[in-house]
Amino acid sequence: MNDLPPVRHRRSVFGVFTFICALVGGTLTQAAPPSGAGWDLTWNDEFNGTSMDTSKWNHWLAGPRRDAVNSPSAVAVADGKLTISTYTLGGTHYTGMIATHNTFLYTYGYIEARINYDSTPGMWSAFWMQSPTMGNPIGSPNSAGTEIDICEHRKVDGSGVNRDGNIGGVIHWDGYGAAHRSHGYDSGNLGLGTGYHIYGMEWTPTQQKFYINGILRWTINNNAANSPVSQRSEFIILSSEVENGGWSSAVPAGGYGTLATTTTKMEVDYVRVYRRAETVVNGDFEGKIGPFSAANQTSWSPTGGRAEPAAAKLAPTTSAGATVSQTVRGLLPDTGYTVTAWGNAGTTSPSLAIGANNHGNPEVSQTLTASSHVKATVPFTTGSTHRTASIFAKSNNSGSLAYADDFLLRRRHATVNNGQLENAESNAWNSVYGGAVVSGDSSYDGEYAWKIPASGSSAGVEQEIVGLTPSTAYRLSGWTTNGNSGLTFGVKNHGATQVTSTVPASSWTRASVNFTTGASNTTATAFAFRSSSAQTAYADSFFLYQPLAAPWISQDVSSSGLSGIAGRLGGKFVLQGGGANLGGSADQTHFLNQPVTGDATITARILGVDTAAYYSKAGVMIRESTAVGARSASIAWGPVNQLADFNCRTATNGTAVSSSTSRDIIDPPWLRLTRRGNVFTAYRSPDGTAWTRVGSPQTIA
């Protein structure tokens, strides 16, 4: 499919390790961005083959259904898309449904599909999800699950009203009998009956948010009485159905034409499912065990929790033991992490191990023996190519009873964990006082920031930073707006006197604090607070780095007002993105650079990109100057769209053109850009050894 300009841009904030530029935007397919940072692609089908991938999909409910027959003949994959055709043969209507009921179920995350609906009266098509236990038991829609109709499209409704430009979204629960209930919305006429559009749904334990082409159209907040949010794993369905004279009006006289002639089709470019990267999902077990896996005698318990009632209950009856575990995705290779969790080992043969494995290095764990909740802290380091790890709690003693609760993962190297707040939670911030909350009221970038409300006492937030190097200079930066009453950023507990910077600002302004660790100090506490009786203040986009050394320069190539910053952390570069786009006639990016004359080759390994925005990406670039419309060549990669894009502007202030790879670069690649005379060539590599050219060489005078 051809790439199109994105629907909207949000500034990116990275923990990205590269040499040249950090940016957002570019010429990418329109998409509905998941809100917040840190998404990792968990499952997808790009439909690039010549037949349906049966490792991902199976035909669902084959045979007669309503006024048609669901038949595999109606489903085809070709030319980079899946097509479900509705056709008529011998007076019988045929259509199709496919689902992941045998292959893939999930809870919580973000799902989207790019779909072209060509509907005809009497039928409708849909992109939806289904719980295998919907309505069982009645009255418990959270645990039983729901039907989640992300989008349903029909040409006309049962009253003959044209609905071609609309889609509907609906939640169904408590089965399909007398107890059935539902709640939904209609998008209004958005022209959705013509061309491809992207439909997405973000799913958390408390909320479901529905997007069309990047615009939030409907939100439900968990209320079992009138808008329940499913708490169980569900499967994905793509379908078309026929009901003559019903919800979608009457079938045309003569039907829909043969399979070869019908124009009544649902075409799907891709389906993608994302989960939070570097995040333990449902670590507090509130309401369910999933997406943790429970092995042997492990179950969800409404009692036994640490701060809240619920927990994972481990009650082994054999020597095989009981285990609860979860695979965490989107980790950085060669990077230290710490998993923490609370465990109650019980009083009978007390022994509860909490740890991590499957991360490229030997399993590590800490054994708890206390009969009350105590905290386990387990550090581990990912292997050179590993981007996942399994975190677990295990009780090996038959007859014992143990509980595990409040799992949390954070990077162990020098960084402000959850510094952009884009998971809308306070994870990793170990001290929050005076009423401070993560809020969507105002933010420098993305959607969330710390809100430190006005009150008679001081208020603020703190986080311990680990993995620092002794006797080393660092700089902490953050952004604030506070009505000119002043917000103080600072660092303490680092082996030297506390250092602070107070910034009074009525608009978003950067604060910076320089500090040097003591001779034996590897940790520090970063904080932001406002004094008593001051106005409400906001803090966002915390970033830690070491100052650059010559000849490197960090600067914006931007007129957007959203500025970035760059530095080092040990032997790696880190950049906090700026601007909104790379391409068109004016670039908006942050640029870490040094001058070069004549022929040159620049090569960089990207270790990771924190996706504070859907189009976050990073790469290498050679440009004539730092003017926004300068002639330039670049190659960049992003973790969500998963393609390498070779972008060139051949004339000053001219429109840039690009060549992109397929969307199959899941892990951060090595990137290379060469200049030989006036010819620029881009490459990408999975390992820094085997290189593949991206696009064709471009001549730029």
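Entry 1. Aromatic pairs

Rings of Phe, Tyr and Trp, the last taken by its six-membered ring, are paired if their centres lie within 6.5 Å. I applied this rule to the structure, which is a predicted model, and the count came to 28 aromatic pairs.

I looked up Trp60 and Phe235 and found an edge-to-face pair, with 5.6 Å from centre to centre and 75 degrees between the planes. Trp60 lies in the loop between strand E3 (58-59) and E4, whereas Phe235 belongs to strand E20 (residues 234-242), so the pair ties together parts that are 175 residues apart in sequence. I then checked burial, and both Trp60 and Phe235 are buried.

I next examined Tyr117 and Tyr199, which form a tilted pair at 5.8 Å centre to centre, with 50 degrees between the planes. Tyr117 sits in strand E12 (residues 109-118) and Tyr199 in strand E17 (residues 196-204), so this pair ties together parts that are 82 residues apart in sequence. Both Tyr117 and Tyr199 are buried.

I also noted a cluster in which ring pairs link Trp43, Phe47, Trp57, Phe104, Tyr106, Tyr108 and Trp203.

Entry 2. The sheet that contains E4

I returned to E4, already noted as one end of the loop that holds Trp60. I found E4 in an open sheet of 4 strands with the order E4-E5-E9-E8 and mixed pairing. Its edge strands are E4 (63-65) and E8 (87-89), each of which pairs on one side only. I recorded an average turn of 40 degrees between neighbouring strands of this sheet, direction ignored.

Within this sheet I looked at the contact between strand E5 (residues 68-70) and strand E9 (residues 92-95). These two run parallel and are joined by 2 bridges. I noted Tyr94 in E9 as the bridge partner of Val69.

Entry 3. The sheet from E33 to E39

I traced a second open sheet, with 5 strands in the order E33-E34-E41-E36-E39 and antiparallel pairing. Here the edges are E33 (437-439) and E39 (509-516), and each pairs on one side only. Neighbouring strands of this sheet are turned by 35 degrees against each other on average, direction ignored.

I followed edge strand E33 to its partner, strand E34 (residues 449-452), and found the two antiparallel and joined by 3 bridges. Val437 stands opposite Lys451 in E34.

Entry 4. The second largest pocket

I used the general principle that rolling a probe the size of a water molecule over the atoms shows where empty space is left. For the second largest pocket I recorded a volume of about 520 Å³. The lining counts 27 residues, and those closest to the centre of this pocket are Gln594, Val596, Met621, Ile622 and Arg623.

Which strands each supply at least two residues of this lining? I found strand E45 (589-593), strand E46 (600-605), strand E47 (616-623) and strand E48 (632-637). E46 gives the largest share, 4 residues. By residue class, I counted the lining of the second largest pocket as 13 nonpolar, 10 polar and 4 charged.

Entry 5. Backbone exceptions

I searched the backbone for exceptions with a general expectation in mind: most residues other than glycine have a negative phi, and most peptide bonds are trans.

I found a cis peptide bond between Gly290 and Pro291, with omega at about 5 degrees. Pro291 lies in the loop between strand E21 (265-276) and strand E22 (293-295). A cis bond also leads from Ala550 to Pro551, where omega is near 10 degrees. I placed Pro551 in the loop between strand E41 (537-545) and strand E42 (553-557). E41 had already appeared in Entry 3, between E34 and E36 in the sheet order.

I then turned to phi. Asn282 is not a glycine, yet its phi is positive, at about 60 degrees. Asn282 lies in the loop between E21 and E22, the loop also recorded for Pro291. Is Asn282 buried or exposed? I applied the cut-off for buried, under 20% relative accessible area. At 8% relative accessibility, Asn282 therefore counts as buried.

Asp406 likewise has a positive phi in a residue other than glycine, near 55 degrees. I located Asp406 in strand E31 (residues 402-411), whereas Asn282 is in a loop.

Notes: Residues numbered from 1 in each chain as written. Predicted model: local features only at pLDDT ≥ 70, side-chain atom pairs only at ≥ 80, totals over all residues. Heavy atoms only, no water. Pairing = 2+ DSSP bridges. Axes fitted to C-alpha atoms, helices over the stretch in contact; angles between N-to-C directions. 1 Å grid on protein atoms, 1.4 Å probe; cavity = no way out; pocket = protein on both sides within 12 Å on 5 of 7 lines; lining within 4 Å. Points joined across faces, edges and corners; volume = space filled by probe spheres on them. Nonpolar A, V, L, I, M, F, W, Y, C, P; charged D, E, K, R; others polar. Phe/Tyr/Trp six-rings, centres within 6.5 Å; stacked < 30°, edge-to-face > 60°. Buried < 20%, exposed > 50% of the residue type's maximum accessible area, 1.4 Å probe, protein only.
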